[in-house]
Amino acid sequence: MWICSQIEAREHYAIPRMLHKNGQLDSLYTDFWCSNFWSVTNFMPKPFKALGNRYHDDLADTKVYKTNLNSLTWKLYQKKYLNQYQYFQDRGEKFSLNLQRKFKKRDLSHISHFFGYDTGFLEAASYCKSQGLKTVLGQMDPGIVEQELIYQERKKWPGWEEKCEIVPKFYNDRRKKEWKIADVIVVNSRWSQDALIKQGVEKEKIKIIPLAYEASQNFKNRKPPIKTIQKLKVLWLGSVILRKGIQYLLEAARSLPEIEFTIAGPVLINAEIVKQSPTNIKFLGKVERHTTEALYSSHDLFILPTLSDGFAITQIEALAHGLPVIATDKCGSVVKHGTDGLIIKSSSSEAIQSALITLNKDRSMLKHLQSNTLFKAQNYNINKVCEFYKNL
């Protein structure tokens with residue numbers, strides 16, 4: 001039996017849900033759980049409104065331990081932190097210490113595994129390990145390797161990002177301690193695995209398990225349409241930041257006036273940069289989840305020129321909606337080059353430009369890629385991902 005813990009609703013509680021479905025979940029420990037009483041948060045102003053999503057029907061009959069009042073307090077104090085990593089560190093430590101205190105009052109003799117995500121793992125995992133449990137850490141990003149890459153991009157593109165936070169040493173030190181105490185470290189891509197190995201993590205500890213993707217009811221079992229494409233329409237969906245490669249896409253777009261680009265997601269680069277963008281690019285800003293299907297349906301191609309991502313689930317989502325994907329190898333290995341998309345070199349506007357020119361000129365190739373997007377998302381459904389966890 002497993003105990004799972006997590007701060008926030010990462011992956012829509014996919015890990016505890018899949019374990020529960022297979023009869024392996026003892027309980028879930030989380031910061032906030034939206035029972036009927038707490039559902040009133042849906043009608044409250046920010047920062048509490050999002051808390052209304054902290055629930056899943058699949059776990060309705062599960063033992064869920066939560067700290068709702070503490071979570072509300074943390075939300076109130078979040079804006080007082082000058083550095084978000086200090087906030088993540090403090091919140092994770094308090095959460096993990098609270099777990100440790102609760103575990104000491106429990107009989108854990110029937111529990112085999114403890115699972116938790118990074119920053120909220122250390123203290124609870126240390127106690128669980130002392131009681132003979134196997135400790136499994138969910139590592140959400142590539143760590144220092146990614147951080148250094150971002151620092152270099154900021155030097156190369158000064159003034160692009162309005163907020164340039166430095167990740168403090170103590171934050172990385174805590175995660176290194178978590179890597180050491182963990183028996184298994186789950187990452188979502190080979191890119192993340194290689195990054196952790198560079199940081200001294202033993203390869204034998206690391207398991208690559210992709211994120212689970214669940215198609216909406218509207219698109220389940222739906223065959224992607226083969227579109228009669230006139231002017232090529234390219235979609236970006238995600239945060240507009242240097243790490244995602246927006247700087248290289250804007251450079252490429254300047255020389256491709258015949259292609260239309262839609263940038264959907266929170267814009268976290270300088271407003272002047274946005275104003276100076278080529279006219280064939282439209283910035284939508286943050287979009288609501290229920291509007292994304294319409295965006296996918298109205299575009300022909302998805303682009304993910306990321307410099308670093310733990311996985312990037314949007315590439316599966318795009319494929320599930322019938323859009324071939326142009327991606328880099330700095331994320332989860334989802335796209336098969338020449339079959340349902342193209343893999344390009346990261347940090348290169350020339351590589352983006354070349355791929356787009358190829359698909360814009362060769363519409364038969366584009367339609368071939370589009371036809372092969374069918375069923376790709378099924379390789380990442382929650383049942384198939386669960387098989388990986390059964391062997392940990």
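**Exercise 1. Work out the strand order of the sheet that contains strand 10, and find what packs on it.**

Solution. Six strands, in the order 10-9-8-11-12-13, form an open sheet with parallel pairing. Strands here are DSSP runs of E of at least two residues, helices are runs of H or I of at least four, and both are numbered from the N terminus. Two strands pair if DSSP finds at least two bridges between them.

This is a predicted model, in which local features need pLDDT of at least 70 and side-chain atom pairs count only at pLDDT 80 or more, while totals for chains, interfaces and linings use all residues. Residues are numbered from 1 along each chain as its sequence is written, and side-chain values use heavy atoms, with hydrogens and water left out.

Next, take one pair. Strand 8 (residues 233-237) and strand 11 (residues 301-304) pair in the parallel sense over 2 bridges. V234 stands opposite L301 in strand 11.

Now add the helices. Helix 8 (residues 246-254) packs on the sheet and touches strand 8, strand 9 (260-264), strand 10 and strand 11. Contact means heavy atoms within 4.5 Å. The direction of helix 8 makes about 160° with that of strand 9. Angles run from 0 to 180 degrees between N-to-C directions, with axes fitted to C-alpha atoms, for helices over the stretch in contact. Helix 12 (residues 349-361) also packs on the sheet, and its direction makes about 170° with that of strand 11.

**Exercise 2. Which strands stand at the edges of the sheet ordered 3-2-1-4-5-6-7?**

Solution. This open sheet has 7 strands, and its pairing is parallel. Strand 3 (64-66) and strand 7 (206-208) are at the edges. Each has a single partner strand, so one side of each lacks a neighbour in the sheet. The twist averages 20° from one strand to the next.

Look inside the sheet. Strand 4 (residues 113-117) runs parallel to strand 5 (residues 134-138), joined by 5 bridges. F115 stands opposite V136 in strand 5. Helix 7 (residues 190-198) packs on the sheet, touching strand 6 (184-187) and strand 7.

**Exercise 3. Is D340 buried or exposed, and which side chain does its own side chain join in a polar contact?**

Solution. Start with the place: D340 is in the loop between strand 12 and strand 13. D340 is buried, because its relative accessible area is 2%. Buried means under 20%, exposed over 50%, and partly exposed in between, using a 1.4 Å probe and protein chains only.

Then the partner. The side chains of D340 and K376 are joined by a polar contact of 2.6 Å. Such a contact is a pair of N or O atoms within 3.5 Å; within protein, one must be able to donate a hydrogen and the other to accept it, and residues adjacent in sequence count only if both atoms are side-chain atoms. Beyond four places in sequence, D340 also contacts residues including L319, V335 and N372.

**Exercise 4. Which residues have the most contacts inside the largest nonpolar core?**

Solution. They are F261 and L356, in a core of 34 residues. A nonpolar core is a set of buried Ala, Val, Leu, Ile, Met, Phe, Trp, Tyr and Cys residues joined through side-chain atoms within 4.5 Å. Helix 8 gives the largest share, 6 residues. L356 touches residues including V234, F261, L301 and I326. A second, separate core has 24 residues, among them Y13 and W33.
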